[in-house]
Amino acid sequence: MRFDIVSVFPRWVASVAEWGVTGRAREQGRLSLHCWDPRDYTHDRHRTVDDRPYGGGPGMVMKAEPLRQAIQAARGADPRPARVLYMSPQGRVLDQEAVRRLAQTERLILLAGRYEGIDERLIQLEVDEEWSIGDYVLSGGELAAMVMVDACARLLPGVLGDAESAAQDSFSEGLLDCPHYTRPEMYAGRAVPQVLLSGDHGRIARWRRQQALGRTWERRPDLLDGMQLSEADRRLLED
Ligand code: SAM
């Protein structure tokens, strides 16, 4: 999967693919990341990418033209078509199902805004979708773009080993994940639940499912709203 990120902080956003799972995905050739700095498409001495808002008011607005040229350069760098996603608090809030669908795309161009945002005409002309990473406001779209890259990269085939499989992660089956334990068996007076030491894989699977259901019911009951629970799940939840 190829990501092109348009940002005034290209080195920062590129660092998302330097370490950990995303770094490994890049080394394996499953993920590639290319950054485009709109300042490289300015023609004044100060490499200006922002200007005062029409109508007055606080802050600055990102100018359309340098962003447009950066996006077009990114588009032209690979023959495969690319959707342009503007990372924006006004976009649809990202969730695991959306990430799963986006991770099936061959190419995405992510646009990171700054200041008060981007000239609306650039959004109308170049942006296909707007995505938010939550109902709060960041000072720039870089972290949001990095979140998008990380969340997609770990779903790419072959990126996670069995031990880190995404299949049991929270949201992958609509539920929160169950609790996890590792050595030692007793820590600060707290024991690992006996069932996990039993070696009985059926019981362990049922316990994990029950924990996942219980946690979801306690912490995020909204996730259960649209779910069709099986009879077995219903019994586990009632126990
Ligand atoms: N004035 C804008 C508004 O209220 O909608 C906020 C601008 S914000 C300070 C600057 C940039 O940060 C935005 O253009 C966007 O790219 C990014 N950003 C801020 N919050 C975000 C969020 N929750 N999700 C994704 N991007 C966000």
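## A walk through the sheet, the ligand shell and a helix pair

Let's start with one residue pair: Leu-85 has Glu-129 of β7 as its bridge partner. What you are looking at is a predicted model. The strands β5 and β7 run parallel and are joined by five bridges.

Now zoom out to the sheet. It is open, has five strands with parallel pairing, and follows the order β2-β1-β6-β5-β7. The edge strands, β2 and β7, each pair on one side only. From one strand to the next, the twist averages 35°. Helix α6 (residues 142-153) packs on this sheet and touches β1, β2, β5, β6 and β7. The direction of α6 makes about 160° with that of β6.

Next comes the ligand. Which residues are the closest to the ligand? They are Pro-89, Gly-113, Leu-138, Gly-141 and Ala-144, out of 20 residues that surround the ligand. Strand β5 (residues 83-93) gives the largest share of this shell, four residues.

A helix pair is worth a look too. The axes of α7 (residues 201-219) and α9 (residues 231-238) come within 9 Å and cross at roughly 70°, so the two helices are roughly perpendicular to each other. On the α7 side, the contact includes Arg-206 and Trp-217, while α9 brings Asp-233, Leu-236 and Leu-237.

Here are the residue classes of two of these groups:

| Group | Nonpolar | Polar | Charged |
|---|---|---|---|
| Shell around the ligand | nine residues | nine residues | two residues |
| Contact of α7 with α9 | four residues | two residues | three residues |

Finally, the domain assignment gives domain 1 (2-153) and domain 2 (170-238). Their C-alpha centres lie 37 Å apart.

Definitions and conventions
Residues numbered from 1 in each chain as written. Predicted model: local features only at pLDDT ≥ 70, side-chain atom pairs only at ≥ 80, totals over all residues. Domains from an automatic or database assignment. Near = placed C-beta within 6 Å. Nonpolar A, V, L, I, M, F, W, Y, C, P; charged D, E, K, R; others polar. Axes fitted to C-alpha atoms, helices over the stretch in contact; angles between N-to-C directions. Parallel < 35°, antiparallel > 145°, perpendicular 65-115°, else oblique. Contact = placed C-beta atoms within 7 Å. Pairing = 2+ DSSP bridges.
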